[in-house]
2 protein chains.
Amino acid sequence: MSAYKQHLKIYNSLSSKKEAFKSINKDLVGMYVCGPTVYDTVHLGNCRTFISFDLIYRYLKHLDYNVRYVRNITDVGHLTDDSSEDKIIKRARIEKIEPMEVVQKYTNEFHSILNFFKLQNPDIEPTATGHIIEQIEMIEKIIKNGYAYDKNGSVYFDLISFSKDFNYGELSNRNFDDIINESRTLDGSSDKKNPQDFALWKKANKSHIMKWRSPWGSGFPGWHIECSAMGHKYLGEKFDIHGGGLDLKFPHHDCEIAQSKSVYGNNPANYWIHTNMLTLNGKKMSKSAGNSVLPFEIFNGSNNIFSKSYSPMVLKFFIYQAHYRNTLDLSDEALKASEKAYEKIKTIYKELELIVPGNENDCDAELWIKNCYSSMNDDFNSPKLIAEFFNLYKEIQDIKSKSKNIDSVNLKKYQEYFSIFYTDILGFDDAKSEKNQLGEVLDILLEIRDKERDKKNYEVSDLIRDKLSKLGININDEQ
Amino acid sequence: MSAYKQHLKIYNSLSSKKEAFKSINKDLVGMYVCGPTVYDTVHLGNCRTFISFDLIYRYLKHLDYNVRYVRNITDVGHLTDDSSEDKIIKRARIEKIEPMEVVQKYTNEFHSILNFFKLQNPDIEPTATGHIIEQIEMIEKIIKNGYAYDKNGSVYFDLISFSKDFNYGELSNRNFDDIINESRTLDGSSDKKNPQDFALWKKANKSHIMKWRSPWGSGFPGWHIECSAMGHKYLGEKFDIHGGGLDLKFPHHDCEIAQSKSVYGNNPANYWIHTNMLTLNGKKMSKSAGNSVLPFEIFNGSNNIFSKSYSPMVLKFFIYQAHYRNTLDLSDEALKASEKAYEKIKTIYKELELIVPGNENDCDAELWIKNCYSSMNDDFNSPKLIAEFFNLYKEIQDIKSKSKNIDSVNLKKYQEYFSIFYTDILGFDDAKSEKNQLGEVLDILLEIRDKERDKKNYEVSDLIRDKLSKLGININDEQ
């Protein structure tokens, strides 16, 4: 495995190139991923992001890295722009409940959806409201270093001052002059020096619910500062990977970089990874345009967009059939095709179990394993890995039809590594899940029954038949 | 239902009496329950507490109260005594991970265990680290009012000063002079004025990981203050119900009351509810004495204490067969009896479905419903409610044997209200889930195995054991 470890390449959004991955500390990886704002049901595009980082997390751990994966929960401060209402407070007003009830409701729902996809939990899942002091302390340092100013109880990041010492917009590759020119002009009421300055701390008015005391009076943190404060708290001044959806690249991630540079002089992460968008029938998903579907609506088929329901595992398989950096279009046709493909790949476990190896061999499991690692090492290329599964599937058919031979050494390797790539790394349900477990336990029971019937021990065989019949499982002996 | 609503009585630990329940605001109930300290796997005694409050939460909602249920997560500051190490930091040192990774790990596990018991999520689940500022603000108020003092960077509650104005220990009914006399004398190094003073804020030394800035320097909050700060933040100055395990009555809850009185002049809650202890084979559960068993060890049978595994629903049924204020002893015999009883009660759904009503009637469903409500209104008396289920079960047998008649009106009422009390209020799985089917098929298999073992037919019994073991289901024969 260590031979493969050194060949991992990651596409770095910072350089727009695939780069060899080298962690800061030999066997440790620190990874920060921007989590959801818990003001509404998480949408499928977000799920794609978290599913993709689950793959990355699992693969890095498989390569024997000790990974600390931090994914935050944004439960305060996410404004559409600096003058709009906090998304969570707005929702609380609509649902007539306390903001922290909104947070709890949608955090629970978020966890439940990710559980359906069988994602592993991050090692730390910090909340923005849980780190107000840390955010205040970071803002103080930015002010002290001359890159932020307070005005009327709010604090803004001073982009003009920052740009004299550092490059702003390096991630999104924007030219600072363009950014300035793009900005709307300020109306008279703004506290900002320049329109492109962004809020680090906002003054709260009297009726505002979510607010805390600070050196600048009662208020709440801006959105960008939370990720910087929590990332550095749990991963140090500099960490390995920072990730998120492509829509966060600008301004969120460029603002994060500016904040870190203001305090530590450096970009917080060596590798920036961005997952691409999910479209629906060729168009951007949009609730208002009726072009939107939620995870649960796909799982249970309660939508007018698809002809049937699709399981979380089929949806995940569909997502892995595209590389995370490509856009991906959700459609009934595509999901149907994925379902068919998934049903095929799923049988590989059992097919391999049923093969009786011989002395002759025409298979090269080592080469297949090498190809699987090469796929994953090529910027976590899951579609290439799935293509390798299809190669294996084809080989199994050849073995079954006797046009190829396999010996026990190669068969064992296929079994071992299919399990590693399919279950451990892609995180698909293995054959041991409860649904299958019912089937397998039933199989044992029927096997016992057959044995007893052969021995003409009808007492036991009838007992089994009658008991199963009470559960609604009927055995048909006539055939 | 509103007729039943006004008859609810709750045993109030404060008065040691059953009292008529009257909420502060007509149809609203605010309820705060002390949650777990997430430094280790939650034990069964804790589970009993959370299962009991789930019943209370569900019943209050059924009575049409709009309940805000707050249950905290203690993720900092829980010291065994004021001079010992924080439980979470200690665990982090042992597991060689960051304290917040300990918090995440055991919070996830806690949620997963409660999910097995099918408990409803609280409306807000606040964390102690998420409310440092709120705790600091409350401590400042206590100091300002003259009931706390700071010394060398720590802040202590001044019990002598408090006791001049208020009664301390009213919940545990302790005499203040006794408390003073019970206290150990201070050694020379203590910052406390009096040995019985408790910490509100502790100074952190340089190597301490979990610390925050405060008006008294870098430190961390004491354990008692978090519940006061979070309770008041989400439920106001005065709320309806405060609950927790009996072991929290003193000092935790009496300290909470003292803190609230210091700031608001009043006990924070009108009703205090305490759940009693769970013992194991007649003795207090204790890890060090080997007299302890974890929920998962019961679910999957991986323990040396019980002869077999018991499902979460059987365990919950067992817990509900005792009133929450009584001690309850866990034993193999008791669990076996509960399993048998649960299997019986579980059939009521189906049995009612199979009954064909006639024109004649000897049943009084209205009376039965009234008795069910009376049981619950009698301080949430779940064993009385379960006794009503057995009455119904007996009546069903009478109907089946034609010694009683039932008409469709009464049958329908039984169906409707059994579903309300069994599924909505006690929160039991209905018979339709797949999980039960697995359990039932497994039970048949194990029954066959027992029979074959009795016949010394070890070929079959070993085959079953080995096949199940391959599926990850281990049978424990040694006892």
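**Two helices in chain B, one sheet in chain A**

Let me begin in chain B, where B:Met313, B:Val314, B:Phe317 and B:Phe318 of helix H11 are in contact with B:Ala334, B:Leu335, B:Ser338, B:Glu339, B:Ala341 and B:Tyr342 of helix H12. If we sort the residues of this contact between H11(B) and H12(B) by character, we find 8 nonpolar, 1 polar and 1 charged. I should say at once that what we are looking at is a predicted model.

How do these two helices pack, in terms of angle? Helix H11, residues 312-320 of chain B, and helix H12, residues 332-346 of chain B, have axes 9 Å apart and pack at an angle of about 100°, so H11(B) counts as roughly perpendicular to H12(B).

Let me now turn to chain A, where an open sheet of 4 strands is arranged in the order E5-E6-E7-E8, with antiparallel pairing. The edges of this sheet in chain A are held by strand E5, residues 148-151, and strand E8, residues 219-221, and because each has a single partner strand, one side of each is left without a neighbour in the sheet. On average, and ignoring direction, neighbouring strands here are turned by 20° against each other.

Looking at one pair in detail, E5(A) and strand E6, residues 154-157 of chain A, are joined in the antiparallel sense over 4 bridges, and A:Lys151 has A:Ser154, in E6(A), as its bridge partner.

Finally, which helix lies across this sheet? Helix H5, residues 132-144 of chain A, lies across E5, E6, strand E7 (199-203) and E8 of chain A, and runs at about 110° to E5(A).

Notes. Residues numbered from 1 in each chain as written. Chains lettered and ligands numbered in written order. Predicted model: local features only at pLDDT ≥ 70, side-chain atom pairs only at ≥ 80, totals over all residues. Pairing = 2+ DSSP bridges. Axes fitted to C-alpha atoms, helices over the stretch in contact; angles between N-to-C directions. Contact = placed C-beta atoms within 7 Å. Parallel < 35°, antiparallel > 145°, perpendicular 65-115°, else oblique. Nonpolar A, V, L, I, M, F, W, Y, C, P; charged D, E, K, R; others polar.
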